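Biologist: I would like to learn how to read a model like this one, feature by feature. Please give the general idea first and then the case at hand.

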Amino acid sequence: MRSISRRSLLPLALAGAAAAAAVALSLPTMSTDAAAASLLGGGGMTGKPAPAFAGINSWVNSPPLKMEELRGKVVLVDFWTYTCINCLNALPYVKAWHEKYKDQGLVVVGVHSPEYEEEKSLAGLKEAITRLGITHPVAQDNDFKTWKNYSNRYWPALYLVDKQGKVVYTHFGEGAYQQTEAQIQALLKQPG
């Protein structure tokens, strides 16, 4: 077994410090860097089949959806919670993409994973959905089963799934709205 020298630890320490600084400063470019995304969690999903919607307590604005039944569509999975200011800041973009592209083959699914105990109430979630004007499907993930299937760690977190059912793009936090929309447009143009 080879021992670890201080020299071999330096690159690891620098990479860890850079990832921590990016998270602390919410640098939007980190989400496009595959190595950084894999350190942050969820980014390791890119190129893999999209996980199922598992352990969903309730569906709002839709009957239950199954990922395998969405093949041939582009799916935007948005992990959010209604008391998260970052989620609320990103929500207008998510809603706009739903409205703009739903007739072109985009399916937006909000996965509501509550940060606080009071957010687990279905009545409270429905009230928030109405108040916020959300018309796309929302899955209530109180037990974080879908969250865990995606190895997710953040609110908000976006996962774009191509027509073949693979996760092809991720973004964590606010920002990168033009980049995300460009990805949606490119995926919609691809053959099913």
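**Reading the model**

Modeller: Pro 191 is exposed, at a relative accessible area of 68%. Exposed means over 50%, buried under 20%, and partly exposed in between, with a 1.4 Å probe and protein chains only. This is a predicted model, in which local features need pLDDT of at least 70 and side-chain atom pairs count only at pLDDT 80 or more, while totals for chains, interfaces and linings use all residues. Residues are numbered from 1 along each chain as its sequence is written, and side-chain values use heavy atoms, with hydrogens and water left out.

Biologist: Where does Pro 191 lie, and what is it in contact with?

Modeller: Pro 191 is in the segment after α6 (177-189). Helices (H or I, at least four residues) and strands (E, at least two) are DSSP runs, numbered from the N terminus. Contact means heavy atoms within 4.5 Å. With neighbours within four places in sequence left aside, Pro 191 is in contact with Lys 163 and Gln 164. Lys 163 is 28 residues from Pro 191 in sequence, yet their C-alpha atoms are 7.9 Å apart.

Biologist: What does the protein chain contain in secondary structure?

Modeller: The protein chain has six helices and six strands, in the sequence order α-α-β-β-α-β-α-β-α-β-β-α. Of its 192 residues, 47% are buried. Among contacts between residues at least 6 apart in sequence, 75% join residues at least 24 apart.

Biologist: How do I read the two sides of α6?

Modeller: An α-helix has 3.6 residues a turn, so residues three or four places apart point the same way. In α6, the buried residues are Tyr 177, Thr 180, Glu 181, Ile 184, Leu 187 and Leu 188. They cover an arc of only 125° around the axis, which puts them on the same side of α6; the arc is that of the directions from the helix axis to the C-beta atoms. Gln 178 and Lys 189, on the other side of α6, are exposed. The cover over the buried residues of α6 includes β2 (74-80), α3 (85-101), β3 (106-112), β5 (157-161) and β6 (167-172).

Biologist: What span should α3 have, and where is its kink?

Modeller: The expected span of a helix is 1.5 Å times one less than its number of residues. For the 17 residues of α3 the expected value is 24 Å, and the distance from first C-alpha to last is close to that, at 25 Å. The kink, of about 35°, lies at Leu 91, shortly before Pro 92; the bend at a residue is the angle between axes fitted to the seven residues ending there and the seven starting there. Buried residues of α3 include Leu 91, Trp 97 and Tyr 101. Among the elements covering the buried residues of α3 are α4 (122-132) and α6.

Biologist: Which residues touch the most other members of the largest nonpolar core?

Modeller: In soluble globular proteins, nonpolar side chains tend to be buried together. A nonpolar core is a set of buried Ala, Val, Leu, Ile, Met, Phe, Trp, Tyr and Cys residues joined through side-chain atoms within 4.5 Å. The largest one has 23 residues, of which Phe 53, Met 67, Val 77 and Tyr 159 touch the most other members. β2, β3, β5 and β6 each supply at least two residues of this core. Another core, of 16 residues, lies apart from it and includes Ala 90, Trp 97, Tyr 101 and Val 108.
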